[in-house]
Amino acid sequence: MPKLYTGAEIVFKCLEEQKVNHIFGYPGGAVLPIYDELKNHTSIKHILVRHEQGAGHAAEGYARSSGKPGVVLVTSGPGATNVVTALTDAYMDSVPLVCISGQVPTHLIGTDAFQECDTTGITRPCTKHNWLVKDINDLQRIMHEAFEVATTGRPGPVLVDIPKDIQFAKTKYVSLKKEKKIEVKNKNKFNQKDIDQLIELMNKASKPIFYTGGGVVNSGPKASELLRELVALTGFPITSTLQGLGSYPGEDNQFLGMLGMHGTYEANNAMHDCDLLINIGARFDDRITGKIDEFSPKSKKVHIDIDPSSINKIIKVDLAIVGDVTDVIKSTTKTLKKKNLNLEKSNKQKISKWWQQIQKWRSKQSLNFINSDKIIKPQHAVQRLYELTKNQDTFITTEVGQHQMWAAQHYKFNKPNRWMTSGGLGTMGYGLPAAIGVQVANPKKLVVDVAGEASILMTMQEISTAIQYNLPIKIFILNNQYMGMVRQWQELLHEKNYSESYSEALPDFVKLAEAYGCVGIRAENPDELDEKIEEMINVNKPVIFDCHVDQAENCFPMIPSGKPHNQMLLGPKDQEENKITGKGKALV
Amino acid sequence: MPKSKSAYSTPTKVSKLETHIIVVWVDNEASVLSRVVGLFSGRGYNIESLAVAEVDQKNNLSRITIVTTGTPEVIEQIVLQLKKLVPVHKVGNFKREDKNVIFKEMALLKLIGNSAKIKKALNACKKFNPVILDQTNKSAVIQITALRREIDKMVKNLKSHGLISVSRTGAVAMTRGAEIFN
């Protein structure tokens, strides 16, 4: 007779077979059998968070910085509802998460039992798929299928809801190797004809541009290498979405910076004027396209994406290539080389005019700001942070708001998986727990959460988690005492009626840091900034860095609402210059 | 144009609405219908009618037929989004005007009246395969199968013939000829 295992044991056997090393969670009544089993599995380390949302974001940070799925363990009822924000966040940003939730015993489901909620019902719209395990004999299959669904195709979160009686029930376990391999639908649906067509378009183009997104990062580090080769081979300019930053070196000359609402002048104008737009792993988000009717009106559009439903959803494209970015780029470069089309040389003349135009836009230096020697400008703070950390392999997470955009604009990334930010859902409070997950996955590396004082207070409790596990994350708060992005919109569009956007009754962040048992550092003027940042980097403990910045600073450049890419609003410096010369008023 | 105060773009021109019949083959498992219906409500798609039942007991497959209206872009999205659901096997998409597809709905009609009156009513729905399922000396239950608009019309006409209760199904669809949909 084969050995029988409890549901709780099977959960861990599956996690071990899936090579899981870390789970982020919080115990409770309905998951106690699983927590009881934890001690018998030393290869799996549990990170105890302070709130289930934190577990979800930490698992996201873990997944995005390591390329492995993040695993979350929560109890029924409030445990499950608390993790919903993180699941939705992961769904929007295509992050592979496997969430295991406890549920009340099967016979109590539907009776409004203590800590019961319809977990699979609540999480249905924010997961790729979810399962309620009603039979112990289904548990093993479902667990492995959960990992399969989370990590294949366009990645995303899944949830497995396990009633308490199922965690106690016993059955036999068959090792995954013996199990029949779960059939994976082939994700690549393109053929050589599509690639040939792409190359023909590239060959004909005189104003081409690559527009790359998070899909390149999700496709794995190989995709970034291949992308660099392709960009070098073609000589085309490249711009990236918020989520794609790092897949192409931020300081490279062919890189035009981020595009979209707070993207650079050159990237957005190039998107508007190009005659060939090659979208690699991005999804034409509304923060990217601006006004749809006037989005890149003169271009042929190519869309490379693993998710067929992303294609033609927002923008109608001329050529759709459904497949994994790595495979598509590989085929493209291979064909380019085989046809011996050295586009960089043969196209040089054709594209050189395009590059001249781009240089003109570039000379606007749209990320410039008026610096001060009295008060710390937030952009300056990010620039200094970059200069002082670029010599090491640094991981950056952010919260959501102005600081997030300044980090995206002024911190330059050279490698994928180094930049973790909540782009789709825009979850304030994402950065601190995400930094914890990043640090768990990358123990020796420098991890900085560029934060705002309003966002950080949403998940502040997780600093305890960082202390407990000696995770020396750095919380770099650009403290302007406002919900800055809200204030900016109120200033520009609501006649400076700063309704409820002032951060009243803020804590003393230095004392708060000390209360938690970590290090608090405050910087109040530009002279001391570098020294304090170095101090922060050199402390081998979690740090809360309270950087007092200009309260009135706005994030520029920006595309005002309802406007196309070529009508950007530039910063105050440029606005002033324009007033003097009287030129380019249309830009404002 | 007044200055927009929204961080979101304003809606742009919308193309013409079309009515489509979407046929979805799914695993007959718990909550599969709510996954399909939830996709429609969550993304703001429209359901005009819905019919669902198991069609293959051995393979545990159900067939869901949904009548929906939307722009061609929306219809394309519906099909692609449905295909992403884990329990969905395949998705068929037909225009309502498609001559190669048969659409039928069924209705049960309860009429009150003497046999002469009921005979008249029965005569009125002659074209729609009427079947008498129950008859007493002062009532009858008649089953008809027809297109939606035909049933609409019949219901209206039969009001004067003693119609007091109507029960209807959603549309089901089948392609004409020997081919099956793959």
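Buried means under 20% relative accessible area, exposed means over 50%, and anything in between is partly exposed. Keep those cut-offs handy for the exercises below, and bear in mind that this is a predicted model.

**Exercise 1. The contact between the chains**

Task: Work out how many residues chain B and chain A bring to their contact, and what area they bury between them.

Solution:
- Step 1: Start with the residues. Chain A puts in 27 and chain B puts in 21.
- Step 2: Now the area. About 2000 Å² is buried between chain B and chain A, and carbon and sulfur atoms account for 48% of it.
- Step 3: See who does the work on chain B. No other three residues beat B:Lys5, B:Arg35 and B:Val86, which supply 28% of the area that chain B buries against chain A.

**Exercise 2. Polar links and the make-up of the chain B side**

Task: Find the salt bridge across the interface of chain B and chain A, then say which helices of chain B supply the side that touches chain A.

Solution:
- Step 1: Count first. The rule gives 1 salt bridge across this interface.
- Step 2: Name the partners. B:Lys84 pairs with A:Asp307, with 2.8 Å between the closest N and O atoms.
- Step 3: Check the distance. The rule asks for a side-chain nitrogen of Lys or Arg within 4 Å of a carboxyl oxygen of Asp or Glu, and the 2.8 Å of A:Asp307 and B:Lys84 fits.
- Step 4: Add the polar contacts. Between chain B and chain A there are 5 residue pairs of this kind, both residues at pLDDT 80 or more.
- Step 5: Look for the helices. In chain B, α1 (32-42) and α2 (72-84) each give at least two residues to the side that touches chain A. Of the elements there, α2(B) gives the most, with 5 residues.
- Step 6: Sort that side of chain B by residue class: 8 polar, 7 nonpolar and 6 charged.

**Exercise 3. A strand covered on both faces**

Task: Decide how many residues of β15(A) are buried, and which strands pair with β15(A).

Solution:
- Step 1: Strand β15 of chain A covers residues 394-398, and 5 of its 5 residues are buried.
- Step 2: Split the strand by face. One side carries A:Thr394, A:Ile396 and A:Thr398, the other A:Phe395 and A:Thr397, and every one of these is buried.
- Step 3: Take one partner. Strand β17 (residues 446-452) of chain A runs parallel to β15(A), with 5 bridges. In this pairing A:Val448 sits opposite A:Ile396.
- Step 4: Take another partner. Strand β16 (residues 419-420) of chain A is joined to β15(A) by 2 bridges, again in the parallel sense. Here A:Ile396 faces A:Trp419.

**Exercise 4. Charges around A:Asp393**

Task: Which residues form salt bridges with A:Asp393, and what parts of chain A does each pair tie together?

Solution:
- Step 1: A:Asp393 makes a salt bridge with A:Arg418, where the closest N and O atoms are 2.6 Å apart. A:Arg418 is in the loop between α18 (402-410) and β16 of chain A, while A:Asp393 is in the loop between α17 (378-389) and β15, so this pair connects parts 25 residues apart in sequence.
- Step 2: Is A:Arg418 buried or exposed? Its relative accessible area is 15%, so A:Arg418 counts as buried.
- Step 3: A:Asp393 also meets A:Lys445 in a salt bridge, at 3.2 Å from N to O. Because A:Lys445 lies in the loop between α19 (431-441) and β17 of chain A, this pair ties together parts 52 residues apart in sequence.
- Step 4: Classify A:Lys445 too. Its relative accessibility is 32%, which means it is partly exposed.

**Exercise 5. A link within chain B**

Task: Where in chain B are B:Glu18 and B:Lys95, and how accessible is each?

Solution:
- Step 1: The side chains of B:Lys95 and B:Glu18 form a salt bridge at 3.7 Å, N to O.
- Step 2: B:Glu18 belongs to strand β1 (residues 18-27) and B:Lys95 to strand β4 (residues 88-95) of chain B, placing the two 77 residues apart.
- Step 3: B:Glu18 has a relative accessible area of 22%, so it is partly exposed. B:Lys95, at 39%, is partly exposed as well.

**Exercise 6. A residue in a helix**

Task: Is A:Ile195 buried or exposed, and what does A:Ile195 touch beyond its sequence neighbours?

Solution:
- Step 1: Place it. A:Ile195 is in helix α9 (residues 192-204) of chain A.
- Step 2: With 0% relative accessible area, A:Ile195 is buried.
- Step 3: Skip the neighbours within four places in sequence, and the contacts of A:Ile195 are A:Phe190, A:Val328, A:Ser331, A:Thr332 and A:Thr335.

Technical notes:
Residues are numbered from 1 along each chain as its sequence is written. Chains are lettered from A and ligands numbered from 1 in the order in which they are written. This is a predicted model: local features need pLDDT of at least 70, side-chain atom pairs count only at pLDDT 80 or more; totals for chains, interfaces and linings use all residues. Side-chain values use heavy atoms; hydrogens and water are left out. Contact means heavy atoms within 4.5 Å. Buried area is the accessible area (1.4 Å probe) that two parts lose on being put together, summed over both. A polar contact is a pair of N or O atoms within 3.5 Å; within protein, one must be able to donate a hydrogen and the other to accept it, and residues adjacent in sequence count only if both atoms are side-chain atoms. Helices (H or I, at least four residues) and strands (E, at least two) are DSSP runs, numbered from the N terminus. Ala, Val, Leu, Ile, Met, Phe, Trp, Tyr, Cys and Pro count as nonpolar, Asp, Glu, Lys and Arg as charged, and the others, Gly among them, as polar. Buried means under 20% relative accessible area, exposed over 50%, partly exposed in between (1.4 Å probe, protein chains only). Two strands pair if DSSP finds at least two bridges between them.
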